[in-house]
Amino acid sequence: MQNPVVVCVVLLICSNLFMTFAWYGHLKGMSSKPWLIAALVSWGIALFEYLLQVPANRIGYTAMSVGQLKIIQEVITLSLFVPFAVFYLKEPLKLDYLWAGLCLMGAVFFMFRDKLA
């Protein structure tokens with residue numbers, strides 16, 4: 001059987017790709033469309049996010065706490081969002097992303113420190 005943490009992380013990465021496009025992709029590609037159209041398209045994309053996210057969390061919960069799952073989700077989200085913002089939305093790369101990432105690494109430490117001992 002495969003490691004549930006690895007399976008969870010891979011599914012969450014895939015889920016977050018869909019989530020990022022569902023939440024932010026319309027800002028570039030549909031800026032001239034009414035917000036309702038953008039929302040409907042986003043909901044369609046988000047369906048695929050949930051089809052991956054729900055099993056990811058169920059699998060991950062067999063080996064991790066819900067707090068650990070949430071922190072992993074946030075780290076993955078920021079890790080995928082920064083390249084998306086810079087390369088797809090053409091946002092400037094700022095040091096603020098680094099500082100936010102360092103704060104998340106602190107959160108990872110505190111959520112997983114019992115497994116480090």
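A crossing counts as left-handed when the near helix is turned anticlockwise from the far one by less than a right angle, and as right-handed when the turn is clockwise. Keep that in mind for this predicted model, where the crossing of H1 and H2 comes out left-handed.

First, the overall layout. The chain holds four helices and zero strands, so to speak a plain α-α-α-α run from the N terminus on. Along its principal axes, the C-alpha trace spans about 55 × 35 × 20 Å.

Here is how three of the helix pairs sit against each other.

| Helix pair | Axis separation | Angle | Handedness |
|---|---|---|---|
| H1 and H2 | within 8 Å | roughly 165 degrees | left-handed |
| H1 and H3 | within 9 Å | roughly 45 degrees | right-handed |
| H3 and H4 | 9 Å | about 160 degrees | left-handed |

Start with H1 and H2. Their axes cross at roughly 165 degrees, and angles over 145 degrees count as roughly antiparallel, so that is the label this pair gets. Sorting the residues of this contact by class gives 18 nonpolar, six polar and one charged.

What about H3 (residues 66-88) and H4 (residues 95-116)? They pack at an angle of about 160 degrees, which makes H3 roughly antiparallel to H4. On the H3 side, the contact includes Ile71, Ile72, Val75, Leu78, Phe81 and Val82. H4 answers with residues including Ala100, Leu104, Met105, Val108, Met111 and Phe112. A few others in the contact are Gln68 and Glu74 from H3, and Asp114 and Lys115 from H4. By class, the contact of H3 with H4 divides into 15 nonpolar, three polar and three charged residues.

H1 and H3 make another kind of pair. Their axes cross at roughly 45 degrees, so the two helices are oblique to each other. H1 passes H3 in a right-handed crossing. H1 brings residues such as Val9, Leu12, Ile13, Leu17, Met19, Phe21 and Tyr24 to the contact, with Asn16, Thr20 and Lys28 also among them. From H3 come, among others, Leu69, Ile72, Ile76, Leu80, Phe84 and Tyr88. The class count for H1 with H3 is 15 nonpolar, five polar and one charged.

Two H3 residues turn up in both of these lists: Ile72 and Phe81 meet H4, and Ile72 and Phe81 also meet H1.

Now for the empty space. The largest pocket has a volume of about 260 Å³. Of its 15 lining residues, Met19, Lys70, Gln73, Glu74 and Thr77 are the closest to the centre. Helix H1 (4-29), helix H2 (35-60) and H3 are the elements that give two or more residues to the lining. Which of them gives the largest share of the lining? That would be H3, with seven residues. By class, the lining has seven nonpolar, five polar and three charged residues.

The pocket also ties back to the helix contacts. Met19, Gln73 and Thr77 are among the residues closest to the pocket centre, and Met19 in H1 as well as Gln73 and Thr77 in H3 belong to the H1 and H3 contact. Glu74, also close to the centre, is part of the contact of H3 with H4.

Definitions and conventions: Residues are numbered from 1 along each chain as its sequence is written. This is a predicted model: local features need pLDDT of at least 70, side-chain atom pairs count only at pLDDT 80 or more; totals for chains, interfaces and linings use all residues. Side-chain values use heavy atoms; hydrogens and water are left out. Axes are lines fitted to C-alpha atoms, for helices over the stretch in contact, and angles run from 0 to 180 degrees between N-to-C directions. Angles under 35 degrees count as roughly parallel, over 145 as roughly antiparallel, 65 to 115 as roughly perpendicular and the rest as oblique. Contact means heavy atoms within 4.5 Å. Ala, Val, Leu, Ile, Met, Phe, Trp, Tyr, Cys and Pro count as nonpolar, Asp, Glu, Lys and Arg as charged, and the others, Gly among them, as polar. On a 1 Å grid over the protein atoms alone, a cavity is a set of points where a 1.4 Å probe fits but cannot get out, and a pocket is an open set with protein on both sides within 12 Å along at least five of seven lines; lining residues have an atom within 4 Å of a point. Grid points are joined across faces, edges and corners, and a volume is the space filled by probe spheres set on the points.
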